[in-house]
Structure formats: structure tokens, C-alpha cells
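Reader: I should like to learn how to read empty spaces and charged contacts in a protein model. Could you please guide me through an example?

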Amino acid sequence: MNKTLHFLSGIPRSGSTVLAAILNQNPMTHVSTTSGLVHALDGLANTWHSAGLLNENDPRRTKLAQTMRGMIDAFYEDTDKPVIIDKSRGWPIPQIMGAMNQVLNRPCKVIATVRPVPDCMASFVRVAKPENLDEFIYSGQLADHLKAAYQSLQSGFEYNPSSILFVEYNNLIALPKGQLERVHEFLGLAPFTYDFNAIDGSTVSEDDENLHGYAGMHDVKSKLEAQHNDDSKEVLKHHYNQFCQPEFWNDNARTMPELDDLDLQVAAGKMGDFVEGWRLSEKLHTERPTDHRAAYNRSWYLLKQGDIANGYKQMDRGRYCGIIGSKRPDTPMPEWDGKAKGTILLYCDHGLGDQIHQVRYAKDLVARGNKVVVCCTGMLAQLFSTIEGVSAVIQHGAEFGIFHDFWTYAMVVPYPLGYTMNDISGKPYIDRPTVIAGNKKRIGLRWQGSSRFEDDHNKKFPYELMFSAVKDASVEYEFISLQKDEGAGDAPLWVKTVPLDSWTDTQRAIASCDLVISSCTSVSHLSAAMGIPTWVILPVMGYYLYALNGEKTPYYDSMTLIRQEVFGEWDAPFNHIKDRLGVKPALRSVA
């Protein structure tokens, strides 16, 4: 390269634009506006990868670095300053930093402006001036942009801390001379005196309204000073907590979450204080009717009361704030209104167990005079292909390529169907394959799902409790493991292993059982959907399908719910299991 190249990045609304404008006063440095260079280089690398030119020991890796250097030279050939500082949020991504180390033949240097994340989001709000704060944060792209930039910068810092110089926004405003000296030392620039009262913002101006959707996003005042004294807590209101992220660049975090009614409601529910949880739900419903997170939390209590019409309607609002499911499927077709007839794409999402539950509604849509195409996680496609009412199955991401008139989220389809609790059917809807029975009755055991997910939902229990509860029955019953991958090695020797390589294998293994005992996992959904007696161990605040009181659920006739009685204590449900297995009549009469 015939110029020295460095990089400018950081968290949005943390001062990168004003720092760029200040550095452009220096006759030796050119700082770009938000640049497309990183995307051009990434595209070039991807092209080489797809062409098979970048095997690990391929000497053409050097050629790629040379080609990238040529692209950078061409990109900045009209810039006469010897030091280029290219600005983009993408530079701290570890793979890109690693590539630039090769291109430059030295460790790359990234200046990163930072600021407490709530202050950054509050700055977006001040610029955009949204009429509806909730919709702006939940549905707008700026919050996602902020999150992505934060994560990229954190990843880059973990990859190589010495390649990044953090410049705090507040320090830049209060002590600009000292911060510019730090930048000069980091980049190896000669001393230069900057004028912080005559900043030329035109050198970094962008077409903000067309490029970013809001005018004034990159406006820079001529005098370096704080532009407001607003408290971010006042600007963001009840959204403040969700932006309180660790300040990994700073040993002393200055923004900490504060207890909110939403946090208190969640805590009350987890502890089993549903009276207090509902009181807070009513309070939030009155005070924050547009808060999607509060509406989603409320849905569980509505379902507990049997009000599934409102329960599923409020649950769907969790999608807007990233709590459940996914964003809109990749289709230009309209969402089903509950009345129209045609081919409906039944979009199953969230976890595997959720999708196994959701596919039940295919036959209900067919009963309304529709044809149904199921869209699901690819590994479930074969399992779903034989379900009543399913005309075709595609995997997520392929929805644009198959004909349909409408689409609907399977997770909340009881709402457009207009269902009440009496309309829910607990009959089996997945075939039970014929298998050869053994000499003993067989019980399948599943003791955990993903550790992270189970911890998040307070579902994880000591697996030894399950084994202890059932072991004495091993003389009368044969036990098999339905545990795959994580936790499978914890099975005692008297629990037999069977093939679980695919969902078809799991389906056959479950079909061989007279009873399945499971934590709240996808296996329990499949077992009950096949009509097999299934005992499910639940935490105090159970899955939304099991919010109604009692041992039974209208969604699965063959399922029995064995509930934790006290938060954090698991002995009681396993004592119930031990007592049930100690009763000797046929298993079908105790399920």
C-alpha cells in the first residue's frame, strides 16, 4: 500500500462522527464517512472462498491479501493525505481484523468510540423523535443496529485487545486534547494542534434521511460540547434496563439495571406467587398498554385463566421484542386473517418441542377448507410429513420458493382460529409406529434439555433424583434412555441406550415405551402427541401449555403433569413419581 491505513469504529451515537471531523483538520489524515470498503473486501474474500481458492495451505492466500491491498489503493487513489482512517462498524469483527493483519503485514489498529449503551439508545430517540417510543424500540432497526455493533466490538476486543483503542464519548467532550493525544500515540501520528471550536462537520456529512431513515444522524456542531443534559432513564423510560449492558471497556460500569415492575412480575411468577404476578400484570396493562414485553408476560396469566383468545393474542406481541419465535417469514404473501380460504403456510418456530406441538393445527386449518404447507426446522420435516392435514413440508428459509396464499404463525394460530379452551383437542396427531414389544413393560427416561435453556426457565433438576425415584421399579420395568447429546452420558448402567440418531429413531424408541417420564422437553411433546402415557416434571411456573391448574392439560390427553411444589426444591415431584410406580396396576391406568 502507498498509504497508511487505520480504522475507526465503535458503538453508534458514541462520538465517532465528531472524532472523524476533528481528525480531518489534520493535513496528514483523512477519515472517511461510513465506508463500504469493509463490505467490498468481505465480498472479495467470500468469492475466493466459494471458488475454492482458500484452502488452509493454499499459497494463493497471499494472492488474496495482495488483491485486497490493490482494492484499498484503488478505493483511496484520489485521496492525497498519507494516513487513511476508514470508518465502519464492521472493522472489529475478529475475522475481518485477522484478514487486515495479513493485508497490512502488521497488527491492524482500530479506534473505537464508546459510551454507556443506554446513552446511545437515548441519543437515537432524541434524533428520531418517535411518536411511539415502544414501537420505535421494538420494531425499529436502530436498536438492532446498536446491539450488533456492541457485539462486534466486544468480539474484536476479546480477539485482540491491543489492536483497539477505546475513546470514551464523555472524555472526548470533557478532555478532547488528552483524547487526541492518545489517538496520536496509538496511531504513531506527529503532534498536531486541533481547534475544538471550529469543527467542520461537512467533511463527515452523510445523506442521513435516505441512508439511515432519519435526518441529522451525523450532524456535527462547530463547537465541541455536550448537546443535552437529559437523563437516559427519563428518555428510555421502562426500556432503560434492557440496554444496561456490561461496559467491557471500563472496569467500573456506570449503568446498572434497576428493579422494575416487569422484573418483579417475573420474579413473582417464578417463585409461584401468582396472585402478586397477576396484580402486577393488571397494573402494567393499565400503565403500559403498548409495552409488548408486559403484554407477553400477561399472556401466561390469561392462559392460566383459560382465556386463550386473549392469551395467544398477547403472547404474539412477544415476537416484537425478541422474546419468542422469529420475525415475519420470508414471504410476500399476507398473514392469514382467520377467514380466507386457500393454501396456508403454517410457520412453526421457536424450539423443537414448540414446533412438534404447533403442527397439530394443520388438521384444524384443513377442516376450515384450506390446504396446509408446514414450514419448520429441517430435522423435523420427515416426522411432520405424515401428519394429518399436511400436504407438504419445507424447512425454514425456503418459504419464498413454495406456493401459498397466506401464512400464519403456528404458535399463536388458536387466536385467528377463534378458539376457546373447549376447542382444543388432546387426541394424538402423530403416528405411533409398530414395534416389537419386549418381555417387560418399558419406560423411557429423559432428564434434561439444553442446560442453558433449562436454567433460564428453572426446569433443570438434579438428574440423580429421577434415577433414584425409578430404580426400585427396574425389576418390573425395563428402562431406556431418550436422552441425546448433552447429558446422555449420565445414564446409569441399568438404563439401556437405543438409537436416537434422527427424529425417526426417537419416534420409534418412544413408540416402544409403555410410559415416558421426562422433563419439559421436545421428547415429552412427541411422546404425548403419539398418545403414549407421558409424565412431565414441571417447575413451579410451567410452560404456557401447562398454565392451567391440575395434573392434566387439554392439549395432550395422555400427559400427566407432575409439578414442583416449592421453587428450588425438587424432592416432591420425584417422590410422587416413586409412589406412582410403586402402585402395581397396568401403566395405562395410572397415566
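Author: Let us begin with a cavity. The second largest cavity holds about 50 Å³ of space. Please bear in mind that this is a predicted model.

Reader: What idea lies behind the search for empty space?

Author: Rolling a probe the size of a water molecule over the atoms shows where empty space is left. In this structure, the search of the whole model finds three cavities of 30 Å³ or more.

Reader: Which residues line the second largest cavity?

Author: The second largest cavity is lined by Leu-303, Ile-308, Met-421, Tyr-544, Leu-545, Ala-547, Leu-548, Pro-554 and Tyr-555. By class, this lining has nine nonpolar residues, no polar and no charged ones.

Reader: How much space lies in the largest cavity, and how do the residues of its lining divide?

Author: The largest cavity contains about 60 Å³ of space. Its lining divides into four nonpolar, three polar and four charged residues. Among the lining residues are Ser-281, Leu-284, His-285, Arg-288, Asp-291 and Gln-314.

Reader: Which helices each supply at least two residues of that lining?

Author: They are helix H13, spanning 274-287, and helix H14, spanning 292-304. Two of the lining residues, Arg-288 and Asp-291, lead us to the next topic. Together with Asp-260, Arg-288 and Asp-291 are linked in a network of salt bridges.

Reader: How should I recognise a salt bridge, and how many does a search of the whole structure find?

Author: Look for a side-chain nitrogen of Lys or Arg within 4 Å of a carboxyl oxygen of Asp or Glu. A search of the whole structure finds twelve salt bridges. One of them joins Lys-177 and Glu-181, with the closest N and O atoms 2.6 Å apart.

Reader: Why are Lys-177 and Glu-181 separated by about one helical turn?

Author: Both belong to helix H9, residues 176-187, and they are separated by about one helical turn because they are four residues apart in that helix. Lys-177 is exposed, with a relative accessible area of 57%. Glu-181 is partly exposed, at 45% relative accessibility.

Reader: With which residue does Arg-442 form a salt bridge?

Author: Arg-442 pairs with Glu-478, and the closest N and O atoms are 2.8 Å apart. Arg-442 lies in strand E10, residues 441-446, and Glu-478 in strand E11, residues 477-481, so the pair ties together parts that are 36 residues apart in sequence.

Reader: Are Arg-442 and Glu-478 buried or exposed?

Author: Both Arg-442 and Glu-478 are buried. For Glu-478, the relative accessible area is 15%, and this residue counts as buried because the cut-off is under 20%.

Reader: Which side chain meets that of Glu-478 in a salt bridge at 2.5 Å, N to O?

Author: The side chain of Lys-496 meets Glu-478 at that distance. This pair links distant parts of the chain, with Glu-478 in strand E11 and Lys-496 in strand E12, residues 495-496, 18 residues apart. Lys-496 is partly exposed, with a relative accessible area of 44%, whereas Glu-478 is buried.

Reader: Let us close with a loop residue. Where is the place of Cys-520?

Author: Cys-520 is in the loop between strand E13, 515-519, and helix H23, 522-529. Cys-520 is buried, with a relative accessible area of 6%. From C-alpha to C-alpha, Cys-520 and Asp-490 are 18 Å apart in space, and they are 30 residues apart in sequence.

Notes. Residues numbered from 1 in each chain as written. Predicted model: local features only at pLDDT ≥ 70, side-chain atom pairs only at ≥ 80, totals over all residues. Heavy atoms only, no water. 1 Å grid on protein atoms, 1.4 Å probe; cavity = no way out; pocket = protein on both sides within 12 Å on 5 of 7 lines; lining within 4 Å. Points joined across faces, edges and corners; volume = space filled by probe spheres on them. Nonpolar A, V, L, I, M, F, W, Y, C, P; charged D, E, K, R; others polar. Buried < 20%, exposed > 50% of the residue type's maximum accessible area, 1.4 Å probe, protein only.
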